[in-house]
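Colleague: Please take one part of this model, examine it closely, and then set further parts beside it. I should like the cut-offs behind each term to be stated as you go.

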Amino acid sequence: MRLPRPIFRNITRVALALAALAAPAALAQDVRIDIPRSDKQLREKLEGALLTKELIRTDDPTAQDIVAAAQADYQRVLTVLYDEGYFGGTVSILVDGREAAELSPFTAPARVDEVLYRIRQNRRFAFGRAQIGPLAPGTTPPEGFTPGDGARTAIVQSAIDGAIADWREVGHAKARIARSDIAARHPANRLDVAIGVDPGPRLRFGQLRISGNEDVRTERIRAIAGLPTGEVFHPEEIDRSTRRLRRTEAFSAVALREADSARPDDTLDIEATVSEAPPRRIGFGAELSSVEGATLSAYWLHRNLLGGAERFRIEGEVAGIDGGAEGIDYRLRTEFRRPATLSPDSDLLIHFELESLDEPQFGSDTAEFVVGLDRILTDRLEVFGGAGLRYAESETLFGTRSYTHLILPLRAEYDRRDSELNPASGYYLSGTAMPFAALDGGASGLRLTADARAYRGFGPNDRVVLAGRLQLGTLVGPDLREAVPDDLFFSGGGGTVRGQDYQSLGIFVPSLRDISGGRSFVGLSAELRTRVSENFSVVGFYDRGYIGRDAFPDADSPSHAGAGLGVRYDTGLGPIRLDVATPVTGGDAGQDLFFYIGIGQAF
């Protein structure tokens with residue numbers, strides 16, 4: 001049945017009226033800024049400061065909410081104007097034509113259609129007087145804090161913060177502002193600033209007072225923190241002590257603060273509050289390759305083995321499960337780490353490792369014991385040096401041999417990445433050097449490796465990331481027959497060249513019609529990572545590897561390459577990785593597909 005048109009119109013009007021009454025009380029339809037002179041930077045800062053814009057963008061506000069936000073925006077707008085040097089401006093905020101300051105948020109209108117910010121910034125002010133002092137020896141006020149320069153509150157605050165920080169860096173921990181005289185001279189468009197600083201006495205570090213610990217001994221916490229008691233105060237020393245304690249992983253929280261007042265002998269105690277982490281932890285990992293098979297790993301960790309924040313870790317790995325390689329590889333490793341040995345930034349490291357490898361071109365059983373010191377030189381740079389013994393029994397195409405070596409492993413690592421698991425900028429450098437002396441079997445020599453990675457992000461929030469990697473390796477001393485097989489280099493597989501069979505590239509030995517590992521290796525990898533949604537990314541990659549017969553590859557060294565596509569799903573803890581690759585060199589180029597699944601980026 002069709003209703004007559006007049007009745008239909010009346011029903012429609014009633015329905016629309018009821019819907020309007022039932023709708024939430026009035027979203028602002030328009031937020032506008034009216035400033036007389038075009039100033040793009042000022043407008044952008046003002047728009048970023050307005051609560052009304054933020055409220056409408058992220059919520060479903062009522063008219064009462066909008067009025068309250070508009071009233072709060074008077075102070076926010078003035079803060080922006082002062083920071084830009086406009087100390088004589090005026091602000092009017094009109095809510096549907098009525099001044100927001102005159103409205104009560106408790107009797108707000110039923111609907112708000114427009115909020116208009118009418119801003120008259122007038123002329124920028126300049127500094128008339130710009131004085132702060134006394135300043136620490138050898139320091140000056142920040143650039144721009146001089147008479148005649150544009151006056152901005154950020155510059156004034158920078159001068160204050162800088163003066164206090166400079167005094168603290170020369171030992172005056174309790175420096176403070178004793179006097180502040182700031183006046184805006186409106187007729188002259190001038191801001192006069194006079195700040196008086198009281199540096200206080202020069203202080204030395206007192207005692208580290210520790211609270212919150214239960215199982216970690218107080219004297220060990222003091223040794224790990226390494227606070228230089230008796231030396232002149234410097235704020236960086238407090239930051240260093242905090243980082244040392246956190247680095248042990250024995251504490252879930254660490255906070256160091258200065259005592260409220262100095263002692264009569266001009267020493268300042270530091271109060272350390274710690275919260276201990278659960279001492280035990282277990283973890284698991286897994287990777288899958290269509291050629292190398294599955295790799296399973298697990299570890300057990302104790303963070304406070306002897307009551308001094310010592311870490312003891314046992315980890316095991318089984319690799320090559322149901323893979324195309326000859327067999328399954330096993331590894332068991334134990335590691336003991338004692339922080340603050342010889343110095344606060346040196347850790348005693350003892351490790352013992354058993355490894356059994358059943359690789360396509362060789363098999364070996366190895367036992368290795370190493371004692372050394374891990375030294376943290378900076379937050380980014382870590383070095384290790386040690387000494388140990390290595391015993392190996394191997395079976396290669398050259399026969400069965402056993403080796404006993406005295407080894408001197410050295411390692412350095414420099415990390416400038418913004419993230420360890422999913423970097424978008426920065427770079428990473430690592431290198432190892434292991435001189436070894438033959439005690440029984442084989443020959444003495446030196447094994448060197450290097451790994452360099454770089455990352456560059458493009459676009460908003462680094463939506464596109466270009467990543468590159470260079471791997472180098474060389475073995476000096478033993479020839480192919482004398483070398484421990486695990487010291488030689490192969491290429492192919494997930495860690496070197498995706499899209500090529502695992503360890504498929506080596507040095508061909510004509511007399512044995514088989515391949516051996518080489519004495520040198522060069523690996524090149526490039527990835528283009530593009531984020532297509534909040535959690536998903538797609539990746540295109542290309543890998544190439546070279547193996548050399550001698551300690552350095554040459555133009556005749558064999559090489560191979562692979563390329564492919566991948567996807568990443570970001571879990572927050574690290575991306576889940578799936579790569580599909582194919583050979584791009586050789587007779588089977590483009591014929592085979594290889595799959596790799598793991599956690600974290602390929603590099």
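Modeller: The account below begins with one sheet and the helices beside it, and then moves to other parts of the chain.

The model is predicted: local features need pLDDT of at least 70 and side-chain atom pairs count only at pLDDT 80 or more, while totals for chains, interfaces and linings use all residues. Residues are numbered from 1 along each chain as its sequence is written, and side-chain values use heavy atoms, with hydrogens and water left out.

The sheet in question is open and has 3 strands in the order S8-S10-S9, with mixed pairing. Strands (E, at least two residues) and helices (H or I, at least four) are DSSP runs numbered from the N terminus, and two strands pair if DSSP finds at least two bridges between them. Strand S8 (204-211) and strand S9 (251-258) are the edge strands, each pairing on one side only. Direction ignored, neighbouring strands of this sheet are turned by 20 degrees against each other on average; axes are lines fitted to C-alpha atoms, for helices over the stretch in contact, and angles run from 0 to 180 degrees between N-to-C directions. S9 pairs with strand S10 (residues 267-276) in the antiparallel sense over 7 bridges. Phe251 has Glu276 in S10 as its bridge partner.

Helix H6 lies across S8, S9 and S10 and runs at about 135 degrees to S8. Contact here means heavy atoms within 4.5 Å. The axis of H6 (residues 218-225) and that of helix H7 (residues 235-247) come within 8 Å and cross at roughly 125 degrees. H6 and H7 are therefore oblique to each other; angles under 35 degrees count as roughly parallel, over 145 as roughly antiparallel, 65 to 115 as roughly perpendicular, and the rest as oblique. On the H6 side, Ile221, Ile224 and Ala225 meet Ser241, Arg244 and Leu245 in H7.

The nonpolar cores come next. A nonpolar core is a set of buried Ala, Val, Leu, Ile, Met, Phe, Trp, Tyr and Cys residues joined through side-chain atoms within 4.5 Å, where buried means under 20% relative accessible area, exposed over 50%, and partly exposed in between (1.4 Å probe, protein chains only). The largest such core has 25 residues, of which Leu46, Val77, Ile93, Tyr117 and Ile119 touch the most other members. Two or more residues each come from strand S1 (30-34), helix H2 (40-49), helix H4 (63-83), strand S2 (90-95) and strand S4 (114-120). H4 gives the most to this core, with 8 residues. Apart from it lies another core of 24 residues, including Leu203, Phe205, Ile221 and Ala340. In soluble globular proteins, nonpolar side chains tend to be buried together.

For comparison with the first sheet, a further open sheet of 3 strands has the order S5-S7-S6, again with mixed pairing. Its edge strands are S5 and strand S6 (176-185), each pairing on one side only. From one strand to the next, the twist averages 5 degrees. S6 pairs with strand S7 (residues 190-198) in the antiparallel sense over 9 bridges, and Ile182 has Val193 in S7 as its bridge partner.

Some backbone details deserve attention. Most residues other than glycine have a negative phi, and most peptide bonds are trans. The peptide bond from Gly133 to Pro134 is cis, with omega near 0 degrees; Pro134 is found in the loop between strand S5 (126-133) and helix H5 (153-169). Ala309 has a positive phi, near 65 degrees, in the loop between strand S12 (293-302) and strand S13 (311-321). Leu342 also has a positive phi, near 75 degrees, in the loop between strand S14 (329-338) and strand S15 (346-358). Ala309 counts as buried at 1% relative accessibility, whereas Leu342 is exposed, with a relative accessible area of 78%.

Finally, Gln471 lies in strand S22 (residues 464-476) and is buried, with a relative accessible area of 13%. A polar atom of the Gln471 side chain lies 3.4 Å from the backbone oxygen of Gly495. Residues up to four places away in sequence aside, Gln471 touches Ala450, Asp451, Gly495, Thr496, Phe521, Val522 and Gly523.

Terms used. A polar contact is a pair of N or O atoms within 3.5 Å; within protein, one must be able to donate a hydrogen and the other to accept it, and residues adjacent in sequence count only if both atoms are side-chain atoms.
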